[in-house]
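Here is a short report on how parts of one protein chain pack together. Look at the structure first, then read on.

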Amino acid sequence: MILSCHNLSKSFGEKIILKDASFHIEDREKAALIGNNGAGKTTLLRIIMDELPCDSGNVVISKDKNIGYLAQYQDIHGHHSIYEELLTTKQHILDMESRLRTLEQDMKDASGEALESLMNTYTRLNHQFELENGYAYKSEVIGVLKGLGFGEEDFTKQIETLSGGQKTRVALGKLLLSKPDILLLDEPTNHLDMESISWLETYLLNYPGAVLIVSHDRYFLDKVVTKVIEIEAGNILSYNGNYSSFALKKAQLRDAQYKAYLNQQREIKHQEAVIAKLKSFNREKSIRRAESREKMLDKIQRLDKPAEIQNQMRISLEPRFVSGNDVLSVEGLSKSFPGQTLFTDISFEIKRGERVALIGNNGTGKTTMLKILNGILTADAGEFTLGSKVQIGYYDQEHHVLHTEKTIFQEISDTYPSLTETEIRNMLAAFLFTGDDVFKEISALSGGERGRVSLAKLMLSEANFLILDEPTNHLDIASKEILEEALNSYTGTVLYVSHDRYFINQTATRILDLTNQAVVNYIGDYDYYLEKKDELTEKYAPSQAEEAEVKNISESKLTWQQQKEEEARKRKLANELKKVEARIEELETRDKEIDETLVLPDVCTNVARCTELSREKEAVLKELEALYERWEELA
């Protein structure tokens, strides 16, 4: 056991954060600390780090073990570059290297016993240098920097010029390189893109020390942890397994607790009814029996009612109008900023009812793409077209749509004056704002709470095309599950940017990957994307180096005759695609005609004619199904 917390209690005023909370972490164990926003996760980490006193209880760390802590927000100062800042973690190795160089110079001028003494010292120090990976420390630093998403062009950037997110990544890099025996990480994935998160997963899985992680990234937790520690209503419970295992056990435990509570309530009511009846007889013997039962009832340890599960939507979200089947068509879209080309000649379509995730590394242009579609930015080239009756609802990361001087209730009621108080409260309750919470001012809300208000406001807009930029940022797990339920029951169309892979798996019907200035389409969830990523990226969006290599190989290997044959094959496929599309249009028209004919008064009473049309409709649908499959292959 490397870390142990015994009977920790902590309150802020009347608010109880922890009450007699106990848990432990074993050496090399990877554990998650989870709970809703405000449950006390960061408070607990600060108590462990001795930054905050607990009211009672104690924290025990094994002798000679050191601990490293990554807080959510970092404010690193100094005039170092990013590379130099990370190199400070290797100062003891740099000192050893400098000492070795000095010994080498001294040995050149020494002889006899002095030389022998210097050589012995050099041998011992060199052995220690090798043991501490001294000959590879530069590679280790560069590997961590690249893993956390810094390119070589970033290495020389000065610390004071960095954003808050970049500073947090630098702090994480320093912490990983210092290799403490226990790592405490508070939301380590917040400022990382998908590739960097994947790298961090692998790094932590192979990390030789213990790790305690606070994170709302369920996919990340599934990959890394083998134990989940949950804070709920001041209590702590530990569960063995990853997040998915915890979620299953938690549901089973809550179900068992609720059943036990209901059974006890039934028994109490039964005993109270018997006692009342015995007393009504008003005889000494019956009264004594009633008193005996009352004493037994008083000794029962009453079970608390389990906290209400707040992750179920209690409302149905429906757009006001149904849009046309073609919701969005993007053709030849390009966008660059000075010194940076984001994407060129991008084309894609979105159909009604699809939930499309737009993914890609940081800096590829995902948010820019959404801003272009919302008319906030203009494209350099290309165009996009919205379909018939399409009404956009937009959710931006910064929540610019909120008025900070208003209360939550005013924000909703002023925007939608036709809604009753009950309707507003129902919507806000679905996003975990109940009771007096609805009268909190927007300015006093956390990032996650503002996100929930923005989402509630967006859902009430009755838009039929939702465009969401990082909707799960700052949301706790319960809030994410609410949003997943909302989107999965939503009958409109959704396009969103997200780094939350679990969320993408739960909601996306299709993925668009913005990579190498192009877009690659995946008809499936995130697991499908991982399976097909290398194959489809190489085929549809190769990097410039890969493209040049493929081009050179093609030019050297293909004869003129082979090239002509390939061009002929492509023309043939293009012609077939046109024919298939024409036939699909013809059959869809006929299918509609049949439906219209079947409801005519003189037809619907004619059994023979109805049978004939029904058979024709069946044949049309069967052929259409085959044509749709062929169209997917050709397209």
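Strand 1 covers residues 3–12 and is joined to strand 2 by 7 bridges. The two strands run antiparallel. One of the pairs can be named: serine 4 has histidine 24, in strand 2, as its bridge partner. Keep in mind that this is a predicted model.

These strands belong to an open sheet of 3 strands. The order across the sheet is 2-1-4, and the pairing is antiparallel. Which strands stand at the edges? They are strand 2 (15–25) and strand 4 (56–61). Each has a single partner strand, so one side of each is left without a neighbour in the sheet. From one strand to the next, the twist averages 20 degrees.

A helix lies across this sheet. Helix 1, residues 41–48, lies across strand 1, strand 2 and strand 4. Its direction makes an angle of about 120 degrees with strand 1.

**Helix pairs**

Now turn to helices that pack against other helices. The table sets out three pairs.

| Helix pair | Angle | Distance between axes |
|---|---|---|
| Helix 6 (residues 164–178) and helix 7 (residues 194–205) | about 20 degrees | 12 Å |
| Helix 12 (residues 408–415) and helix 13 (residues 421–430) | about 125 degrees | 10 Å |
| Helix 12 and helix 14 (residues 447–460) | about 20 degrees | 11 Å |

Start with helix 6 and helix 7. They pack at an angle of about 20 degrees. Angles under 35 degrees count as roughly parallel. That is why helix 6 is called roughly parallel to helix 7. Their crossing is left-handed. Which residues of helix 6 meet helix 7? They are Leu172, Leu176 and Leu177. On the other side of the contact stand Trp199, Leu200, Tyr203 and Leu204 of helix 7. By class, this contact has 7 nonpolar residues, no polar ones and no charged ones.

Helix 12 packs with helix 13 at an angle of about 125 degrees. This angle makes helix 12 oblique to helix 13. The crossing is right-handed. From helix 12 come Ile408, Phe409, Ile412 and Ser413. They meet Glu421, Ile424, Arg425 and Leu428 in helix 13. The classes here are mixed: 5 residues are nonpolar, 1 is polar and 2 are charged.

Helix 12 also packs with helix 14, at an angle of about 20 degrees. Helix 12 is therefore roughly parallel to helix 14. The two pass in a right-handed crossing. Ile408, Glu411, Ile412 and Thr415 in helix 12 meet Val453, Lys457 and Leu460 in helix 14. This contact divides into 4 nonpolar, 1 polar and 2 charged residues.

Look again at Ile408 and Ile412. Both take part in the contact with helix 13, and both take part in the contact with helix 14.

**One residue up close**

Finish with a single residue. Threonine 597 lies in helix 19, which spans residues 560–598. What lies 2.7 Å from a polar atom of its side chain? It is the backbone oxygen of glutamate 593. Threonine 597 also has contacts with residues outside its neighbours within four places in sequence. These partners are Val603 and Leu613.

Key:
Residues numbered from 1 in each chain as written. Predicted model: local features only at pLDDT ≥ 70, side-chain atom pairs only at ≥ 80, totals over all residues. Heavy atoms only, no water. Pairing = 2+ DSSP bridges. Helix = DSSP H or I, 4+ residues; strand = E, 2+ residues; numbered from the N terminus. Axes fitted to C-alpha atoms, helices over the stretch in contact; angles between N-to-C directions. Contact = heavy atoms within 4.5 Å. Parallel < 35°, antiparallel > 145°, perpendicular 65-115°, else oblique. Left-handed = near helix turned anticlockwise from the far one by under 90°. Nonpolar A, V, L, I, M, F, W, Y, C, P; charged D, E, K, R; others polar. Polar contact = N/O pair within 3.5 Å; in protein donor to acceptor, adjacent residues only side chain to side chain.
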